[in-house]
Amino acid sequence: MKIIHSLLLNLLIGLVVFILFFLVFERIIVIPPVLQVVGRAHPLLLHFPIVLLLLAWLLTCFGNRLAVLPPVASRMVYGLLFASAWTAAITVVAGLLLAQEGGYEGSGFQWHKWMGVALCFLSTLLLVYHRRAIGPTGRYRLLFRVGLSISLVVLVVAGHFGAALTHGEDYLFEPLRQKQQKTLDFATAAVFPDLVYPILEAKCLNCHSNSKAKGGLVLADTASLLQGGESGPALVKGSVAESLLIERLLLDLDHEHRMPPKGKPQLTPEELALINAWVASGADFNTPLAALPMDDTIRQLAAALYPVSEETYDFPAADVEVIKSLNTPYRVVRPIAQSSPALSVIFFGKASYSTQSLQALKQVSRQIVSLTLSGMPLSASDRDLLATFTNLRELTVNNTEVDDAWCDVLSRLPKLHTLSVSSTAITEEGLGILLAAPSLRAVYVWNTAVAAAAVAQLRQQHAHVRIEQGYVDSGETVLPLNDPVIAPVSKFFRDSLVVTLSHPVPGVELRYTIDGSEPDSLRSLIYRSPLPVSETTSIRVRGYKSGWISSREMARTFHRTGAEPSSVALLAPPNPRYKARGAHALHDLESGGSNHADGKWLGFHGEPVTAVLSFDKATDIHTIGISVKQDYGRHIYPPQEVDLWGGTDSTDTRLLAQFRPELSTGPSPTLMLEIPVAGHNVRYLRVEAKPFLPIPTGYPAAGNPAWIFVDEIIIR
Amino acid sequence: MKKDKMIAKEVEQARLYQNRRQFLSRLSVGIGSAALGSLLIPDLFSSGGTGGDRAASMLPHFAPKAKRVIYLFQSGGVSQLESFDAKPKLREMMGQDLPESVRGSQRLTGMTAGQETFPLVGSYYDFAQYGKSGAWVSSVFPHMAKMVDDLCIIRSLHTDAINHDPAITFFQTGAQQGNRPSMGAWLSYGLGSENQNLPAFCVLVSKGRGNGQGVYAKLWTNGFLDSVHQGVQFMGGPDPVLYLNDPPGTDRMSRRALFDKLAELNNLHFDAFGDPEITAKVQQYEMAYRMQTSVPEVTDLSNEPDHIIKLYGPDCLVPGTYAANCLLARKLTENGVRFVQLYHQGWDQHDSLPGQMAMQAKDVDQASAALVADLKQRGLLDETLVIWGGEFGRTNYCQGRLAHDNYGRDHHPRCFSVWMAGGGVKPGMVYGETDEFGYNIVKDPVHVHDFHATILHQLGLDHEKLTYRHLGRRYRLTDVAGTVVKDILV
């Protein structure tokens, strides 16, 4: 045991001597790779001396109170000190080896190095002193304690600088500082100090500060930045390709010269783009951000890096109860977020607004950052009240009486950055006053008297403000009017009907014809009042308005039906998918629409439609009309043949007429089959409509059974 | 000796023995440290976590970019290949079979799984680049093309569902099966109503001329949330909100008297039972009463100036059309409605795509672009998030018979395009990329859950914190997934 002890003690002395040697010949030593591994163990090893020394110190100073018997304590202290001296020595050796790898320079490194060495020597000295002077029964305890305390201080200093080397300066207290949100005042910020430097500070200065200066490069101040490092100047103003700074940032992550090196916090794409853009723009150190045009890359990147709305407020929150009491269905007062002191206010309901409604907000006027008064009947007294909302950031007063007289008050709101005065009486003059406000960033002047030319000019003068004029109808947009509306929708009526024509767009002139001719803007009748109709009539109508292309033509034929059957029955049921309201649909005066499945069409697939109509009294019939749908693409065809049978009852019928419709090439969606008959004293009428079986060649779906869709049978 | 041992044993037992007092005092230390630890869990005792309590605060978790949402839902599944995802390769390879390596073993719908070949088909319409952003837009959307610098086009959305109903339900509620709250209901629950004279969540439905799929009230359901958060449908015609008008013979005065009396009775009931639902009910009656004046005001389009009609197109004055719904959406938004959900049906082009797509696009293009422009000129776009898109995309191969001017496309959930505008989303951006066949995403995929998380984020809500306790667990719109797509945010 004793042999091992003295062997270790001697070895320790040997190590200390080796350290001395190392320090003297530092510059000419070359480290083989095996030892480099030892060097890289430095961050692991350093924890041992820290803990061991701390324990030794605790036991020495407070051993008595810990009820450890003095001889035991003394031996324990010796053991701990022994171990800490040993590990300190190894740590120092490893640290020196690591430093030889290069990249560690600067004052912080020097402090760390020499404090570490000092700690190693001190602890070795103390160990020898403890052995000689104190021993199990030794005296001179005070000196020992002082020495141990000094080494503890040295330890803390060395540790601090070491940590700063690895994690960066101020690593420890960073979380406290980060609570303050990073903000950027776009009006006063300059590109280098407020945008570029913070990136360097966060991602580069860890290694390239005055205290570390890896590769001889310091990026902490403009002079050093221009001077560059061992590999040459970091910057060539205006030339991205020649700037070493950019080159290193863009190297492959695994490249040995890549910056920041693998494992260190990397630049975000926006940050990289920003530095790139700054170098490309000439790497000026003083350019203010506001001097750059709105669409400049640097400006846009700045907006990406510093989102504007993450704003902190310097006023206290208003009382929750007060806020609650201010809320009504017509005035909404809300904090903009949980735990935010800022309030946003919106007014609704023109009728319930008065100046008092705005006056009531006075107690929270400091907290209001966003106010919407659109559509409210504002007056001059409201204007004066607005001046008290000094923290207002966003104000929306669209569609109000606001005019140029308001602009002075508005321009003096110190924090106002977004103002919407669309649909107000603001003119160019007022806009000019508003734009003089230094805080203003966006203004909306759609639907005001401000001329487009004036906006263009003001935009040039105030490049930092977004002036939004919106859609201006220059008269160049000429759109076709949409379809006029003919009412009623149903095409069938019994005795008489009143037809109304209308158009959704106000001010449209409707021209119509009832003689079947095409309506035009010159000769056709102008629609002024509803049209009474008592006979089957075709109405064609078209809409006209200046500044618009005339509408499409709408046409509808209203068919009059005469005698009303007492009952209608279908001898075979329709297809279950299209059964409408059964036989009733055939005389309910309701016409089917363009959709065959709208519940008003009766559909029959490959089967004849056989309807029986009975009349209470004998009726003279000269025309039967069958309204059918045509959609050849969907296999919907008119019947191939219609047979009309009539008589006094079902047993006494004769064929009144037989009719074969002609197929057209471009069929209209509906067709009224008007079949002349000569029927006298008819009380019973049977309509048989037979489908195409199959659909003839040359037509869509030829060879298949056809559908028949029917919505009404009229009788005249 | 034996006695010593016994004493020692007793001493030991006494030491081990803990009476209740000791136990409790130890426990209190334990509880104290647990309490200390809990200080580090910020939302442990705040209202956000449990169902029902949230109504008390109804504030965003953090300062929002957007206050409102207008969702222009294109129901049926708009083809990305004829709208925003230009794929010249498909034109080159027209009629050739989709390479096996592209599709791999991904599933197809029953409608085309049986097809013997999967002939690729390129867009019938030409694409061109527009705006400063140089985004590619097809020729059927000339108006939207003019607005691309205000839009953020995402070409890399993908979904889990392959058929309409599950896909649209997934988009609306974050789950395919239904019965969960719709996105608008979640927002109403999370943020409350801005204007108490109108519902926080309004729904507008229109029908296009193309092949359509149904949209049902289950899509705007409140699910397990309070029924206050349900979407309210506004219809075209004389009665925009059903059952809102007084029945014939009732005037407003007697209605008022009725509500007052009813509130009196309800308050008595509340005093007896203290159920907050009773107060909620009284408030609902009051809101309905106020809606009797606010709804006619907001749905009245007669005061819109001529140039607004030109901006949206004249159909905006025809109630029930998509254009009219867009205009109404603007008015509702202007009046503080939190979430306006439009549905436009007719985008399900399994066949006759070139013809149908042109008709569909004609109906929605101008009004969609106009809505963005109109919000912008009123200074509302910054605080309103507009979203345009369908429930999935369409296949790059033809369904059914392929002709040079006529083809169809089946459902495709692997990639499709939507756009967003305003509300703190980067304008003039094209995000995400699909492969040259337009079949798989190769860059920046955005899942529906991510999409939801992003929307909530823009409204100041943390999608992981917006929860509701139901059936023994907390539910979220984003289920247990979703990442905010930070790249597309300003």
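What follows walks through a predicted model of a complex, from confidence and overall shape down to strands and one buried tyrosine.

Since this is a predicted model, confidence comes up front. The predictor gives the complex an ipTM of 0.84, alongside a pTM of 0.75. For chain B, the pLDDT averages 89, and 91% of the residues score at least 70. Within that chain, strand S8 (residues 384-389) of chain B sits at the top with a mean of 98, while helix H2 (residues 20-38) of chain B is at the bottom with 67. There is also a stretch of chain B, residues 46-56, where the pLDDT is below 50. Beyond near neighbours in sequence, that stretch still makes 15 contacts in the model. Where pLDDT is low, though, predicted coordinates should not be read in detail.

Turning to chain A, the chain holds 19 helices and 24 strands. Its 716 residues would give a radius of gyration near 27 Å if they formed a compact globule, but the value for chain A is 48 Å. The C-alpha trace spans about 145 × 70 × 60 Å along the principal axes of the chain. Buried residues account for 35% of the 716. As for contacts in chain A with a separation of 6 or more, 66% of them link residues 24 or more positions apart.

The two chains meet in a contact that draws 33 residues from chain A and 32 from chain B. On the chain B side, the elements that supply two or more residues are helix H10 (306-312) and helix H12 (353-377) of chain B. The largest share comes from H10(B), with four residues. Sorted by class, the chain B side that touches chain A breaks down into 12 nonpolar, 12 polar and eight charged residues.

Some of the strands of chain A can be followed pair by pair. One open sheet has three strands in the order S9-S11-S14 (chain A), with antiparallel pairing. Strand S9 (485-487) and strand S14 (531-533) of chain A are the edges, each pairing on one side only. From one strand to the next, the twist averages 25°. S9(A) is joined to strand S11 (residues 497-502) of chain A by three bridges, and the two run antiparallel. In that pairing, A:Ile486 has A:Leu501 of S11(A) as its bridge partner.

Further along, strand S21 (residues 641-649) of chain A has two antiparallel pairings to look at. Seven bridges tie S21(A) to strand S23 (residues 670-690) of chain A, with A:Leu644 opposite A:Val687 in S23(A). Seven bridges also connect S21(A) with strand S22 (residues 652-659) of chain A. Here A:Val642 is partnered with A:Phe659 in S22(A). A hairpin makes the link between S21(A) and S22(A), using two residues. In a regular strand, side chains alternate between the two faces of the sheet.

Back in chain B, B:Tyr475 lies in strand S17 (residues 473-475) of chain B. B:Tyr475 counts as buried because 22 C-beta neighbours fall inside 10 Å, against a cut-off of 20 or more. Leaving out residues up to four places away in sequence, B:Tyr475 touches B:Arg180, B:Thr467, B:Tyr468 and B:His470. Another tyrosine, B:Tyr285, is 190 residues from B:Tyr475 in sequence, and their C-alpha atoms are 29 Å apart in space.

Note on methods:
Residues numbered from 1 in each chain as written. Chains lettered and ligands numbered in written order. Predicted model: local features only at pLDDT ≥ 70, side-chain atom pairs only at ≥ 80, totals over all residues. Rg over C-alpha atoms; globule rule 2.2 N^0.38 Å. Buried ≥ 20, exposed ≤ 12 C-beta atoms within 10 Å, placed from the backbone. Contact = placed C-beta atoms within 7 Å. Nonpolar A, V, L, I, M, F, W, Y, C, P; charged D, E, K, R; others polar. Pairing = 2+ DSSP bridges. Axes fitted to C-alpha atoms, helices over the stretch in contact; angles between N-to-C directions. pLDDT = per-residue confidence, 0-100.
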